[in-house]
Amino acid sequence: MSAGVERGGVDRAQQPQIQTSGSRRSGMLFRPMNQSNADPPVRCGAPMVGVTGRRWPAETLHNGDVPALRGLCVDAFFTAYARAIAEAGGLAVFVPRESDPEVLAGRLDGVVLAGGLDVDPAFYGGEVGAETTLLDPEQDAFDIALARAAIVRGIPVLGTCRGHEVLNVALGGTLQDHRRDGHNERGCAAAQRVHDVSIADGSVLHALYGPRVSVNSLHHQAIATAAAGVRVAARSDDGLIEAIELLDHDAVGVQWHPEFHDGLDPILLWLVVQARERSGRRDRGAAG
Ligand SMILES: [Mn+2]
């Protein structure tokens, strides 16, 4: 952990800043020690972590037909991501697909590629199979572009489930469209750990979990071929690739959903710690 992790708001506020968005400015405010009845203290320097999501018809918000909602959409993501990022000390922000991935990558300190629908096989040269679920190619295109932009800019990335698959596809890997029994375990609580994975020595995951960990499993797509430039970091006992890590970048994909596990999963804390370090490097770059 570098000194950047411990940087405080006073230090940051005294440096020249390249980033000038409102949220960053407010993040640099600090409360004078003798001001007892002012606004509550702001957590200084919390790294901003973007979370992807999904688009859904607005009618699903209400029971029954509401004519005013016809044709409208809502963007959604699972609350568990925001809770975990906040608990880890990060500032979670939702990133809708209308936001330019390149611009986002210039503002964010970390990215979570979240779970969601199947990845359209067109993005990895595959074909739609009998078990392929709903597809949303616009979401795929956005998520893939954000993954690439984040990696180019050196921003740490965590992909979970679909996000793990997106990360692999963004780097040129492929997916299998349907996985056999034991992985699409949706009949129990999302937190339920249903199978083990074996973790490769020397990986980020090994440092966090050791050689073996039990995980939930809510997927039916999976990686077929890992992209060039990534290592397989974990496999289930039936040989499935359950995690990948980039060799030269802080990016990890896990086929499971750590955000649904009970308590703060170490991989989410890892992401926020890396995001904080990335934020510190950017600030030092701005100062220089
Ligand atoms: Mn699995």
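I count a residue as buried if 20 or more other C-beta atoms lie within 10 Å of its own. The model I am reading is predicted.

**Helix H3.** I looked up H3, residues 79–87, and found Ala80, Tyr81, Ala84 and Ile85 buried. These residues sit on the same side of H3, because they cover an arc of only 130 degrees around the axis. I then went past the end of the helix: just after H3, Gly89 takes a positive phi of about 100 degrees.

**Whole chain.** I noted eight helices and 13 strands in the protein chain. The chain has 288 residues, and buried residues make up 41% of them. I also checked contacts with a separation of 6 or more; residues 24 or more positions apart account for 68% of these.

**Core.** The largest nonpolar core holds 66 residues. Which of them touch the most other members? I find Val49, Ala147 and Val157. I followed Val157 further, leaving out residues up to four places away in sequence: Val157 touches Val111, Leu113, Ala147, Ala150, Ile151, Leu167 and Ala251.

**Val166.** I located Val166 in helix H6, which spans residues 162–170. Is Val166 buried or exposed? Val166 has 29 C-beta neighbours inside 10 Å, so I enter it as buried. Setting aside neighbours within four places in sequence, I list its contacts as Leu113, Val119, Asp143, Ile144, Ala147 and Gly159. Leu113 and Ala147 are on this list, and I had already met both among the residues that Val157 touches. Last, I took the C-alpha separation of Val166 and Tyr124, which is 9.9 Å for two residues 42 apart along the chain.

Conventions. Residues are numbered from 1 along each chain as its sequence is written. This is a predicted model: local features need pLDDT of at least 70, side-chain atom pairs count only at pLDDT 80 or more; totals for chains, interfaces and linings use all residues. Helices (H or I, at least four residues) and strands (E, at least two) are DSSP runs, numbered from the N terminus. A residue is buried if 20 or more other C-beta atoms lie within 10 Å of its own, exposed if 12 or fewer, and partly exposed in between; C-beta atoms are placed from the backbone. Two residues are in contact if their C-beta atoms, placed from the backbone, lie within 7 Å. A nonpolar core is a set of buried Ala, Val, Leu, Ile, Met, Phe, Trp, Tyr and Cys residues joined through C-beta atoms within 7 Å. The arc is that of the directions from the helix axis to the C-beta atoms.
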